[in-house]
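Here is my note on the model you sent. The points run from the overall fold to single residues.

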Amino acid sequence: MTRMHNPPHPGSVLREYLGDVTVSDIAAHIGVSRNTLQRIVNGTSAISIDMAYRLGAALGTSPELWAGMQLQYDLYQAGKEKRPKIERMPLRTLATSA
């Protein structure tokens with residue numbers, strides 16, 4: 001899978017997707033608090049798998065759409081972190097281990 005350069009937080013996509021529907025209305029419709037959904041729309045909380053399913057059902061999309069956007073965003077953010085150098089570990093193949 002190719003990583004997107006600086007993908008948007010899925011909450012900003014959700015905000016555009018909702019159009020004129022209020023956060024309060026969609027939150028009530030999917031059975032979550034307004035604050036929970038508002039944190040996602042503001043980009044301060046992630047879309048959980050459960051939330052991806054709720055949004056998918058309510059908006060006629062797939063849960064994979066929302067989970068995938070969150071994964072792309074998280075991977076990009078994590079990729080900006082400084083990490084220790086780790087050498088590739090040689091692994092035995094099944095043929096040589098028998």
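1. Helices and strands here are DSSP runs, numbered from the N terminus: H or I with at least four residues for a helix, E with at least two for a strand. On that basis the protein chain runs α-α-α-α-α-α from the N terminus on. That is six helices and zero strands.

2. A word on the basis. This is a predicted model; local features need pLDDT of at least 70, side-chain atom pairs count only at pLDDT 80 or more, and totals for chains, interfaces and linings use all residues. Residues are numbered from 1 along each chain as its sequence is written, and side-chain values use heavy atoms, with hydrogens and water left out.

3. How spread out is the chain? The radius of gyration is 18 Å, well over the 13 Å that the globule rule gives for 98 residues, so the protein chain is more spread out than a compact globule. The radius is taken over C-alpha atoms, and the rule is 2.2 Å times the number of residues to the power 0.38. Along its principal axes, the C-alpha trace spans about 60 × 30 × 20 Å.

4. Burial comes next. Buried means under 20% relative accessible area, exposed over 50%, and partly exposed in between (1.4 Å probe, protein chains only). Of the 98 residues in the protein chain, 28% are buried.

5. Contact means heavy atoms within 4.5 Å. Take the contacts with a separation of 6 or more: 57% of them join residues 24 or more positions apart.

6. The structure holds one aromatic pair. Tyr-17 and Trp-66 meet edge-to-face, 5.8 Å centre to centre, with 85° between the planes. Tyr-17 sits in helix H1 (residues 10–18) and Trp-66 in helix H5 (residues 63–79), so the pair links parts of the chain 49 residues apart. For the terms: rings of Phe, Tyr and Trp (its six-membered ring) pair if their centres lie within 6.5 Å; planes under 30 degrees apart count as stacked, over 60 as edge-to-face and the rest as tilted.

7. Are the two partners buried or exposed? Trp-66 is buried, at 0% relative accessibility. Tyr-17 is partly exposed, at 42%.

8. Look at Met-51 as well. Met-51 lies in helix H4 (residues 49–59) and is buried, at 4% relative accessibility. Leaving out residues up to four places away in sequence, Met-51 touches Ile-30, Val-32, Thr-36, Leu-37 and Ile-40. The C-alpha atoms of Met-51 and Tyr-76 are separated by 21 Å, with their positions 25 residues apart along the chain.
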